[in-house]
Amino acid sequence: MLLLLLAAGPVRAQLLPSKPVVGISAARSEHGQPYAPQVYADAVVRAGGEPRVLAIAECDSTVRHILDGVDALILTGGEDIDPSYYGERPHPGLGRVSPWRDTYDLLLVRCAVGRGMPVLAVCRGVQVLNVAFGGSLWQDIPAQIPGAVQHMRRDGEPNIAMHPVAIAAGSLMRRVAGVPEIFVNSAHHQSVKGLAPGFRVTATAPDGVVEAIEMFDRRVVGVQFHPERMLSAGDLWVLPLFQNLVSAARLKDN
Ligand code: MN
């Protein structure tokens, strides 16, 4: 009987589909620990993946090591990016920057894309993604884009749908949303300006602000809104963004 159980064990394990590990880029907590808002992990779990908040490092070889055993990457929201990374001087409207996080996030996303990993880049993440591959940013939308819609609420409430986005036909975003226009939340004052080569814009706000970009093979997606917060607030249409990330990671394993 024992022998039978032992023999059955590995066979059963092979029949179970493995859960892809989705790495979540970290911020630092006030105690210096790697930290990511719980809503990112919740979204990964709902999409069938195994969330892992990544360790923090600022050198290339360590970041590569951190991504070993990770099947997909989520780049999370956060501070502004130092404009020197795209060859500009700081605009007076530039917000707080985080030098260590710029280094960490740029290394993470270049390594992940280099390995062919699927990526979902959120808010600051889409900005990092664009800059990492040669794009530039509007440093302060209210100052630099006259007549822009409100992209940041004064009360800081992150979950409320704030403005519509027009979604490009034939894009992953279109497949996810199922309609050509949809409302999103908005908690940013920067956005993509010069688009990095190899990407296309797949969603735009009424003022022309870029709200989503995709790499042409569709495994790498960046969104300027916060789908993880929308999902936690019950906005189910964004779930396929996370499901696509997990299923793309599963394809890589096969
Ligand atoms: Mn917006």
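**View 1. Cysteines of the predicted model, in which the count of disulfides comes to zero.** Cys 59 takes part in no disulfide, and the nearest cysteine sulfur, which belongs to Cys 111, is 12 Å away. A disulfide would require the two sulfur atoms to lie within 2.5 Å. Cys 59 is partly exposed, with a relative accessible area of 36%, whereas Cys 123 is buried at 5%. The model shown in this and the following views is a predicted one.

**View 2. The manganese ion and its protein donors.** Five side chains are shown with their donor atoms: His 151 through ND1, His 163 through NE2, Ser 186 through OG, His 188 through NE2 and Glu 211 through OE. These donors lie 2.2 to 2.3 Å from the manganese ion. Along the chain, the donors follow the spacing H-x11-H-x22-S-x1-H-x22-E. Ser 186 is buried, its relative accessible area being 2%. His 188 also counts as buried, with a relative accessibility of 3%.

**View 3. The largest nonpolar core, a set of 38 residues.** The members that touch the most others in this core are Leu 54, Leu 67, Leu 73, Tyr 104, Leu 108, Val 109 and Val 119. Two or more residues are given to the core by each of the helices α3 (60-67), α4 (99-114) and α5 (124-132), and likewise by the strands β5 (72-75), β6 (119-122) and β12 (210-215). Helix α4 provides the largest share, nine residues. A second core, separate from this one, holds 36 residues, among them Ala 36, Ala 47, Phe 242 and Leu 245.

**View 4. Surroundings of Tyr 104.** Leaving aside residues up to four places away in sequence, Tyr 104 touches Ser 25 and Ala 26. Its other contacts counted in this way are Leu 54, Ala 55, Ile 56, Ala 57 and Val 63. Of these partners, Leu 54 is listed together with Tyr 104 among the residues that touch the most other members of the largest nonpolar core.

**View 5. A salt bridge within helix α3, between Arg 64 and Asp 60.** The closest N and O atoms of Arg 64 and Asp 60 are 3.2 Å apart. Both residues lie in helix α3, separated by four residues, or about one turn of the helix. Arg 64 counts as partly exposed at 37% relative accessibility, and Asp 60 counts as partly exposed at 36%.

**View 6. Salt bridge between Glu 79 and Arg 101.** The N to O distance between the side chains of Glu 79 and Arg 101 is 3.4 Å. Glu 79 lies in the loop between β5 and α4 and Arg 101 in helix α4, so this pair ties together parts 22 residues apart in sequence. Arg 101 counts as buried, with 2% relative accessibility.

**View 7. Salt bridge between Lys 193 and Glu 88.** Here the closest N and O atoms are 2.6 Å apart. Lys 193 lies in the loop between β10 (191-192) and β11 (199-204), and Glu 88 in the loop between β5 and α4, so the pair ties together parts 105 residues apart in sequence. Lys 193 counts as partly exposed at 32% relative accessibility, as does Glu 88 at 24%.

**View 8. A network of salt bridges that share partners.** Glu 79, Arg 96, Arg 101, Asp 102, Asp 105 and Arg 124 are joined into one network. In the model, the count of salt bridges comes to nine.

Notes
Residues numbered from 1 in each chain as written. Predicted model: local features only at pLDDT ≥ 70, side-chain atom pairs only at ≥ 80, totals over all residues. Heavy atoms only, no water. Core = buried A, V, L, I, M, F, W, Y, C linked by side-chain atoms within 4.5 Å. Buried < 20%, exposed > 50% of the residue type's maximum accessible area, 1.4 Å probe, protein only. Contact = heavy atoms within 4.5 Å. Donors = N, O, S within 2.8 Å, 3.2 Å for Na, K, Ca; no water. Salt bridge = Lys/Arg side-chain N within 4 Å of Asp/Glu carboxyl O.
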